[in-house]
Amino acid sequence: MLLKTKKLMKAFGGLKAIDKIDIEIPQGEIRGIIGPNGSGKSTFFNLISGVYDSDPGSYIEFNDHDITNEPAHEIGALGLARTFQLLRLYQDMSVINNVMSGYHTKVPYSFAAAVLGRKKIWDHEKKIRDEMMELLSFVGLADFAEMNASELSGGQRRLLVLARAIAGKPKLLMLDEPAAGLSPHNVDNLMKIIMQLKDKYGLTLIIIEHILKVVMDTCDTVTVFDHGQKIAEGTPAEVKDDNAVIEAYLGKKMNDDEMRKALAV
Ligand SMILES: Nc1ncnc2c1ncn2[C@@H]1O[C@H](COP(=O)(O)OP(=O)(O)OP(=O)(O)O)[C@@H](O)[C@H]1O
Ligand SMILES: [Mg+2]
């Protein structure tokens with residue numbers, strides 16, 4: 001297994017945001033995570049990626065390393081990258097430098113300097129920049145490389161966030177609602193690019209997504225959260241017929257018809 005959690009737990013005061021979650025994700029899989037608002041999906045990512053420490057008794061393993069409560073930068077250096085539900089870009093930095101920052105999160109300047117010495121670092125930097133330009137071309141942003149990130153459209157920002165997360169060539173990429181707020185056409189375009197990047201870089205993916213059509217169309221396995229617990233897991237076809245899943249959604253943000261329509265893809 002590339003990622004494994006055992007009895008993963010996180011409480012905020014009296015609220016069990018993540019309540020004893022066991023999950024196993026094999027290399028190469030596309031895993032979808034769905035669940036109502038507040039069911040713990042983003043908290044799950046925050047625990048895995050080291051943004052929050054988990055509660056005592058939890059265990060997280062990534063690529064055969066025990067990463068329970070390791071600092072975020074060390075988890076990143078092992079090959080785990082993630083995006084945030086609310087976009088985090090350096091707005092006043094150019095598009096290319098935003099992508100470069102993704103590379104240097106994994107390989108800091110100080111490390112490159114120690115290995116290469118100051119003279120060679122400029123050549124090295126040039127090489128990385130060329131690689132990052134290639135990545136920008138791949139997501140269709142090469143023409144915008146020198147623009148400020150703040151000048152991009154919403155859809156372009158989503159692509160930039162994706163490119164930056166991939167810049168350090170992670171083994172596992174975790175995407176928190178990558179398609180939120182996009183038009184149907186842009187959702188299709190983004191998902192196509194995500195699938196191409198998966199093949200090109202040999203990624204394993206975990207995708208939190210409210211757009212159920214995306215989950216049902218692209219994921220190998222879907223895990224369903226409700227109130228911090230895992231209430232179902234299986235192929236998209238199995239999950240969409242699961243009564244507990246339908247119940248978890250009913251009466252919440254979506255109404256009956258919307259949910260049935262969303263699941264009947
Ligand atoms: N830093 C925090 N402090 C206190 N409570 C938190 C914190 N982060 C999350 N929570 C609570 O934990 C629960 C799970 O939140 P989380 O953001 O993981 O839900 P989610 O499934 O990602 O929801 P959404 O679909 O709306 O993004 C919520 O009740 C939330 O209020
Ligand atoms: Mg969330």
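These questions and answers walk through one predicted model. Local features need pLDDT of at least 70, side-chain atom pairs count only at pLDDT 80 or more, and totals for chains, interfaces and linings use all residues. Residues are numbered from 1 along each chain as its sequence is written, while chains are lettered from A and ligands numbered from 1 in the order in which they are written.

Q: How many helices and strands does the protein chain have?
A: Both are DSSP runs, numbered from the N terminus: helices are H or I with at least four residues, strands are E with at least two. By that count, the protein chain has ten helices and ten strands.

Q: What is the strand order of the open sheet of six strands?
A: Two strands pair if DSSP finds at least two bridges between them. Pairing in this open sheet is mixed. Strand 6 (80-82) and strand 10 (229-234) are its edges, each pairing on one side only. The order is 6-7-8-3-9-10.

Q: Which residue is the bridge partner of arginine 82 in strand 7?
A: Strand 6 runs parallel to strand 7 (residues 172-176), and three bridges join them. In strand 7, arginine 82 is partnered by methionine 174.

Q: What angle does the direction of helix 1 make with that of strand 7?
A: Helix 1 (residues 41-48) packs on the sheet and touches strands including strand 3 (30-34) and strand 8 (204-208). Contact means that C-beta atoms, placed from the backbone, lie within 7 Å. Axes are lines fitted to C-alpha atoms, for helices over the stretch in contact, and angles run from 0 to 180 degrees between N-to-C directions. The angle is about 150°.

Q: Which helix gives the most to the largest nonpolar core?
A: A nonpolar core is a set of buried Ala, Val, Leu, Ile, Met, Phe, Trp, Tyr and Cys residues joined through C-beta atoms within 7 Å. Buried means that 20 or more other C-beta atoms, placed from the backbone, lie within 10 Å of the residue's own. Of the 62 residues in this core, Leu136, Ala163 and Leu173 touch the most other members. Seven residues come from the top contributor, helix 5 (residues 154-166).

Q: Which element supplies the largest share of the shell around ligand 1?
A: A residue counts as near if its C-beta atom, placed from the backbone, lies within 6 Å of the molecule. Among the residues around ligand 1 are Phe12, Leu15, Lys41, Ser42 and Thr43. Strand 2 (15-25) supplies at least two residues of the shell. The largest share, three residues, comes from helix 1.

Note on methods
Contact = placed C-beta atoms within 7 Å. Buried ≥ 20, exposed ≤ 12 C-beta atoms within 10 Å, placed from the backbone.
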